[in-house]
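Q: Could you take me through this structure feature by feature, giving the general idea before each case?

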Amino acid sequence: MIKKVIFYVFMFFIIQYVAMGLVAGGNMILGRAAWSMNTTELLISQGLFSVICIAMFLVLRWAPVSPRYWGTRPFSVIIWCVIAAIGTLAPSMWLQSFFDFLPDINGENLLDIMKQRWGYVVVGILTPWAEEVVFRGAILHTLLQSKRGMGRWTAITISAILFAIAHMNPAQMPHAFLIGLLLGWLYERSHSLIPCVVLHCSNNTIAYLMTAAYPAPDITLRQILGGSAQAEWMSVGFSLLILIPALYQLSLRLRR
């Protein structure tokens, strides 16, 4: 089981480097500096990585999928996943302010990618799909199927830690870990990637829209709200009034 998990994480990173290598090779053919990638080339590399990752993990059945979940007509689950993603926005930004000491290694590159014409397709759709296939469909599925008596929350936590580390950016890791816990819970309850992909795509879509509205890389929730601590607390409280009922509704609708 552990060997499988390590292998999946290893392949996740290898595919990234393969995608980068293909783009670098294209640069060499065009007579450009191989590894000196501009924003468009980084975008192409990330999109290529996501497509290869999804195809390989699904075709080789490292992440087993089944259309059966669609037969349950999970439309209400999908709606509540979107609502839950909206409800995480303010609490996530508020918590992030406590980790402003963490270095933001590739924040500017991510912002530049989001500003590209096809940035949303890669960041809002392809990347969430790839990460869900790997970290929930392959890694968490393997951990949950373990015969070593691992508890479900232990498995979910391990997958969330690996998900956070895989972002390779300390500034993103706290948010990635918390969202990873939520996504892991969704997968464990539904036994399907559909709710996870919907929530993950919704989360990244919100991030994309927030970036478009507030392009400053280190902007905080309080700054967005005009520097008012009271408005910040009210925003977090209002968001929790959205998030908590959404999680409750999901817990009712998702089978064990």
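**Reading the features of a predicted model**

A: Let us begin with burial in one helix: in helix H4 (residues 89–96), Ala90, Pro91, Ser92 and Met93 are buried. Please keep in mind throughout that this is a predicted model, and that burial here means a relative accessible area under 20%.

Q: What covers the buried residues of H4?

A: The cover includes helix H3 (75–87), H8, helix H9 (194–213), H10 and H11.

Q: How should I read the packing of two helices, and at what angle do H2 and H5 pack?

A: One reads the angle together with the separation of the axes, and an angle from 65 to 115 degrees counts as roughly perpendicular. Helix H2 (residues 39–59) and helix H5 (residues 107–114) have axes 9 Å apart and pack at an angle of about 85°, which makes H2 roughly perpendicular to H5.

Q: Which residues of H2 and H5 meet?

A: From H2 come Thr39, Leu42 and Leu43, and these meet Asn109, Asp112 and Ile113 in H5. By residue class, this contact of H2 with H5 divides into three nonpolar, two polar and one charged.

Q: Where do H6 and H7 stand by the same reading, and is their crossing left-handed or right-handed?

A: Helix H6 (residues 119–144) and helix H7 (residues 152–166) cross at roughly 145°, and their axes come within 9 Å. The crossing of H6 and H7 is right-handed. On the H6 side the contact is made by Glu131, Phe135, Arg136, Ile139, Leu140, Leu143 and Leu144, which meet Arg152, Ala155, Ile156, Ile158, Ser159, Leu162, Phe163 and Ala166 in H7. The residues of this contact of H6 with H7 divide into eleven nonpolar, one polar and three charged.

Q: How do I read a salt bridge, and how many salt bridges does the structure hold?

A: Side chains of opposite charge can pair when their charged atoms come close. The structure holds three salt bridges, and for each of them one can ask how far apart the atoms are, where the partners sit in the chain, and how accessible they are.

Q: Which side chain does Arg136 meet in a salt bridge, and how are the two placed?

A: Arg136 and Glu132 meet through their side chains, at 2.7 Å from N to O. These two residues are four apart in helix H6, so that about one helical turn separates them. Both Arg136 and Glu132 are buried.

Q: What is the partner of Glu188?

A: Glu188 forms a salt bridge with Arg152, and the closest N and O atoms are 3.1 Å apart. This pair links distant parts of the chain, since Glu188 is in helix H8 (residues 173–190) and Arg152 is in helix H7, 36 residues apart. Glu188 counts as buried at 11% relative accessibility, whereas Arg152 counts as partly exposed at 28%.

Q: Where do Glu232 and Arg222 lie?

A: The side chains of Glu232 and Arg222 meet in a salt bridge at 2.8 Å, N to O. Because Glu232 lies in helix H11 (residues 229–253) and Arg222 in helix H10 (residues 221–224), the pair ties together parts that are ten residues apart in sequence. With a relative accessible area of 5%, Glu232 is buried, while Arg222, at 35% relative accessibility, counts as partly exposed.

Q: How do I read backbone angles, and what is the phi of Arg61?

A: One looks at the sign of phi together with the residue type and its place in the chain. Arg61 is not a glycine, although it has a positive phi of about 60°. Arg61 is found in the loop between H2 and H3, and it counts as exposed at 54% relative accessibility. His191, which is likewise a residue other than glycine, has a positive phi near 55°. His191 is placed in the loop between H8 and H9, and at 46% relative accessibility it counts as partly exposed.

Q: How do I read contacts between residues separated in sequence, and what is Asn204 in contact with?

A: One sets aside the sequence neighbours and asks what remains. For Asn204, leaving aside neighbours within four places in sequence, the contacts are Val123, Gly124 and Pro128. Asn204 lies in helix H9 and is buried, with a relative accessible area of 12%. The C-alpha atoms of Asn204 and Gly124 are separated by 5.1 Å, while the two residues are 80 residues apart along the chain.

Conventions:
Residues are numbered from 1 along each chain as its sequence is written. This is a predicted model: local features need pLDDT of at least 70, side-chain atom pairs count only at pLDDT 80 or more; totals for chains, interfaces and linings use all residues. Side-chain values use heavy atoms; hydrogens and water are left out. Axes are lines fitted to C-alpha atoms, for helices over the stretch in contact, and angles run from 0 to 180 degrees between N-to-C directions. Angles under 35 degrees count as roughly parallel, over 145 as roughly antiparallel, 65 to 115 as roughly perpendicular and the rest as oblique. Contact means heavy atoms within 4.5 Å. Ala, Val, Leu, Ile, Met, Phe, Trp, Tyr, Cys and Pro count as nonpolar, Asp, Glu, Lys and Arg as charged, and the others, Gly among them, as polar. A crossing is left-handed if the near helix is turned anticlockwise from the far one by less than a right angle, and right-handed if clockwise. A salt bridge is a side-chain nitrogen of Lys or Arg within 4 Å of a carboxyl oxygen of Asp or Glu. Buried means under 20% relative accessible area, exposed over 50%, partly exposed in between (1.4 Å probe, protein chains only).
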